[in-house]
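Here are a few exercises on charged side chains and a ligand site. Have a go at each one before you read the solution.

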Amino acid sequence: MTSTVNIHIDKTTKSRVADYDVNNVPFGKCFSDHMFIAEYADGKWQTSKICPYGDMPLSYAMSALHYGQAIFEGMKAYKNENGEVSLFRPLENLKRLNKSAIRMCMPEVPEEIFMGGLIELLKLDAAWVPTSETGSLYIRPFLIATEEAIGVKSSENYKFIIITCPAGKYYSEPIKVLVETNYFRAVIGGVGNVKAAGNYGRSLYPTKLAQQKGYQQVIWTDSATHQYVEESGTMNLMFVLGDTLITPALSDTILAGITRDSVLELARSWGMKVEERKVSLKEIYEAYEKGELKEAFGCGTAATIAQIVGIGYEGKDLVLPPVSERKFSTKVDETLRMIRKGKSEDKFNWMMKI
Ligand SMILES: Cc1ncc(COP(=O)(O)O)c(C=O)c1O
């Protein structure tokens, strides 16, 4: 689609891109030259602009800080060998952003603002998109309540902002995860199925406890019984049991990951058996004991596929097959990378060229 929104563009007078090796920067620490900002007030979207990346002058009373009306998305742009930049399924992120907005009582962001801002921003900051095999430009669109007012109510004012940063591999090694059976991430009727900022704040303490025990992440379980697995950290969770790909079915407590959807679509297109349903710890443990637990991995935009090689559960460590034996997830990882880098056919029409 083309932008129909009027964006005021204030270009930086001095690009910072030469100060970095964009193919080799830590995740989420260095931000590209520009950002996009759209303002919402008086019941409608007002001005949109692109300006040099910088700080936000905002009130200490702004409602996002006090009452948590803050939502975000995570997506990526990729550069092919000809230097062309493409986005991976961006309209899915827009749909999910607006689902989050409705749930958090915030205004939806129109497609022309979201896509118009994103495309103009990427055109200006194309030099920031890594060219390395596993590199991409991570894109963080977010919507925050900015009304200067104390009092629990939905804000009258909002800002929709897009910032970007070059990204390499999220996890450099396969991970060990701890099954969390004390704290939980999401509840039925809650906000676990949207990207509300508070979901992430609440996850930090249990994650810190797991990290102190030598795990990189937790596996979240259902809040009522802690018997069913839900997600791992900020990734959807998948297992290959025997010859079947199994993943928890979407629900109120699970974020509908775009990577998850893409992995399932690829698996089905390869004729693999796929089951989306409740997955109990008992089932995983029994499959492990019988040698049927072939693969376990998390999937999400940041990591794509994070191989899980160890699962801590009830004081034991399940030691899973080495990554070299994981045919399915390594094929998925490679296939997604090739599609994103424009090196293999985009059968599903996932890529959108800028
Ligand atoms: C809680 C949670 N689950 C799953 C995912 C994976 O979603 P996606 O594949 O769209 O990045 C994310 C990341 O957005 C997440 O925050």
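**Exercise 1: a buried pair**

Both Glu231 and Arg185 are buried (under 20% relative accessible area, with a 1.4 Å probe and protein chains only; exposed is over 50%, and partly exposed is in between). Before we go on: this is a predicted model, where local features need pLDDT of at least 70 and side-chain atom pairs count only at pLDDT 80 or more, while totals for chains, interfaces and linings use all residues. Residues are numbered from 1 along each chain as its sequence is written, and side-chain values use heavy atoms, leaving out hydrogens and water.

Task: work out how far apart the closest N and O atoms of Glu231 and Arg185 are, and which elements hold the two residues.

Solution. Step one: the two form a salt bridge, with their closest N and O atoms 2.9 Å apart; the term needs a side-chain nitrogen of Lys or Arg within 4 Å of a carboxyl oxygen of Asp or Glu. Step two: Glu231 sits in strand E11 (residues 229–232) and Arg185 in the loop between strand E9 (175–180) and helix H4 (197–212), so the pair ties together parts 46 residues apart in sequence. Elements here are DSSP runs numbered from the N terminus, helices (H or I) having at least four residues and strands (E) at least two.

**Exercise 2: a pair within one helix**

Task: find the element that holds both Lys282 and Glu286, and say how exposed each one is.

Solution. Start with the place: both lie in helix H6 (residues 281–289), four residues apart, about one turn of the helix. Next, their side chains meet in a salt bridge (3.4 Å, N to O). Finally, Lys282 counts as exposed at 54% relative accessibility, and Glu286 is partly exposed at 38%.

**Exercise 3: a lysine without a partner**

Task: which side chain of opposite charge is nearest to Lys341?

Solution. First, find Lys341 in the loop between helix H7 (327–340) and strand E18 (351–353). Then look around: Glu133 is the nearest, at 6.0 Å, and Lys341 is buried yet has no salt bridge. For charge, Lys and Arg count as positive and Asp and Glu as negative, with His and the chain ends not counted. Glu133 itself belongs to a salt-bridge network with Glu81, Glu334, Arg337 and Lys343.

**Exercise 4: around the ligand**

Task: how many residues surround the ligand, and which are the closest?

Solution. Count 15 (a heavy atom within 4 Å), the closest being Lys195, Tyr200, Glu231, Thr259 and Thr301. Now check one distance: a polar side-chain atom of Thr301 lies 2.6 Å from a ligand oxygen atom.

Terms used
Polar contact = N/O pair within 3.5 Å; in protein donor to acceptor, adjacent residues only side chain to side chain.
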